[in-house]
Amino acid sequence: FLLWALLVFAFFSFSKSKLIPYILPVFPPLAILTARYLAQAINKPKAIGIQIGFLCLLALSPVIAYAFYLFPLEVPLPAPGQAARYLDLAAFLLLSGTFISCLYAYYHLYRRAIVVLIMGTWLFLLAILASMPSIDTRTILPFATQLKPVLKPQDDVITFNQYFQDLPFYLERRVSILNWHNELTYGMQHQDTHEWMIGDDTFWQRFHSHQRVFVVISLNDYKNIQKTHPHDRFYRWNKTVGYALISNQPLDMLSH
């Protein structure tokens with residue numbers, strides 16, 4: 001089981017493109033090893049390993065809870081008020097679950113301690129999951145929601161120096177991608193992508209044309225192109241914490 005976990009971890013560590021699901025095969029062997037250890041140690045009067053684990057949890061929980069409290073105060077978020085409520089709830093669940101489980105562990109009631117720990121962890125993760133929409137700074141859903149009703153077949157939607165996997169899904173159409181290859185490189189070798197995998201020259205040619213062009217761009221890139229192209233007109237339609245939606249035509253023309 002250790003070999004299983006280590007080989008999976010080592011193999012995907014060498015991958016140039018790392019996605020979260022790659023690590024999932026590590027957890028079954030680790031879960032079995034953990035269950036085996038608990039089954040052997042839980043009935044011992046002094047399970048030193050379990051006690052050390054609860055002590056570590058007792059020391060780390062306040063640090064994690066304080067980080068959750070600071071996060072919406074220090075980081076720009078789409079909905080900081082909602083994020084603070086969910087993260088504060090998560091911090092409370094973490095602290096209360098840790099305290100009760102450690103109290104049981106102190107009196108050597110390890111079964112109850114583990115049950116409380118599992119329940120507390122489940123509620124803690126549920127609160128974090130509920131907070132995700134309010135802390136997700138990369139989502140393009142607000143742009144797509146406003147853009148989709150006014151899009152026409154001849155319009156062009158371009159992502160500037162980035163690739164947003166959710167944008168084609170929300171718009172239900174293909175988008176053009178400027179200066180981005182990465183995980184798309186392999187597919188580009190087997191398909192003609194010159195119409196929608198574009199470079200700077202093609203981008204500015206389209207942006208200066210009479211065709212309506214919408215661009216999803218980071219705020220930093222937006223500031224840069226305003227400096228490097230002072231004679232061009234950029235019409236900003238909307239913005240989020242990290243991105244802007246701009247067009248080459250005035251806003252009052254977008255609804256026509």
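This briefing covers the sheet, selected residues and the two largest pockets of the structure. The model is a predicted one. Its open sheet has six strands in the order β3-β2-β1-β4-β6-β5, and the pairing is mixed. Strand β6 has both of its faces covered. The largest pocket has a volume of about 250 Å³, and the second largest has a volume of about 200 Å³.

**Sheet and strand pairing**

- The sheet is open and contains six strands, with β1 placed between β2 and β4 in the order β3-β2-β1-β4-β6-β5.
- At the edges lie β3 (197–198) and β5, each of which pairs on one side only.
- Strand β4 (residues 213–218) is antiparallel to β6, and five bridges connect the two.
- Within this pairing, V216 is opposite L245 of β6, and S218 is opposite Y243 of β6.
- Strand β5 (residues 235–239) also runs antiparallel to β6, to which it is joined by four bridges.
- Here K239 faces A244 of β6 across the pairing, while R236 has I246 of β6 as its bridge partner.
- A hairpin is formed by β5 and β6, with three residues between the two strands.

**Burial of β6**

- Strand β6 (residues 243–247) is largely enclosed by the rest of the structure, because five of its five residues are buried.
- In a regular strand, side chains point alternately to the two faces of the sheet.
- On one side of β6 the buried residues are Y243, L245 and S247; on the other side they are A244 and I246.
- Two of these buried residues, L245 and Y243, stand opposite residues of β4, namely V216 and S218.

**T159 in β1**

- T159 belongs to strand β1 (residues 156–160).
- The relative accessible area of T159 is 0%, so this residue counts as buried.
- A polar atom of the T159 side chain lies 2.6 Å from the backbone oxygen of Q162.
- Beyond its neighbours within four places in sequence, T159 contacts F164, L167, V175, S176, I177, L178 and V216.
- One of these contact residues, V216, is the residue that stands opposite L245 in β6.

**Positive phi outside glycine**

- Most residues other than glycine have a negative phi.
- N161, which is not a glycine, has a positive phi of about 60°.
- N161 lies in the loop that runs between β1 and α7 (166–171), and its relative accessible area of 26% makes it partly exposed.
- E172 is likewise not a glycine and has a positive phi of about 60°.
- The position of E172 is in the loop between α7 and β2 (176–178), where the residue is exposed at 63% relative accessibility.

**Largest pocket**

- The volume of the largest pocket is about 250 Å³.
- Its lining consists of T34, Y37, L38, G49, I50, G53, F54, L57, I114 and L117.
- Two or more lining residues come from each of α2 (27–41), α3 (48–74) and α5 (110–135).
- Of the elements, α3 contributes the most to this lining, with five residues.
- By class, the lining of the largest pocket comprises seven nonpolar and three polar residues, and no charged residues.

**Second largest pocket**

- The second largest pocket has a volume of about 200 Å³.
- Residues D136, R138, T139, F164, Q165, D166 and Y170 line this pocket.
- The lining of the second largest pocket divides into three charged, two polar and two nonpolar residues.
- F164 is part of the lining of the second largest pocket and is also among the residues in contact with T159.

Notes. Residues are numbered from 1 along each chain as its sequence is written. This is a predicted model: local features need pLDDT of at least 70, side-chain atom pairs count only at pLDDT 80 or more; totals for chains, interfaces and linings use all residues. Side-chain values use heavy atoms; hydrogens and water are left out. On a 1 Å grid over the protein atoms alone, a cavity is a set of points where a 1.4 Å probe fits but cannot get out, and a pocket is an open set with protein on both sides within 12 Å along at least five of seven lines; lining residues have an atom within 4 Å of a point. Grid points are joined across faces, edges and corners, and a volume is the space filled by probe spheres set on the points. Ala, Val, Leu, Ile, Met, Phe, Trp, Tyr, Cys and Pro count as nonpolar, Asp, Glu, Lys and Arg as charged, and the others, Gly among them, as polar. Buried means under 20% relative accessible area, exposed over 50%, partly exposed in between (1.4 Å probe, protein chains only). Two strands pair if DSSP finds at least two bridges between them. A polar contact is a pair of N or O atoms within 3.5 Å; within protein, one must be able to donate a hydrogen and the other to accept it, and residues adjacent in sequence count only if both atoms are side-chain atoms. Contact means heavy atoms within 4.5 Å.
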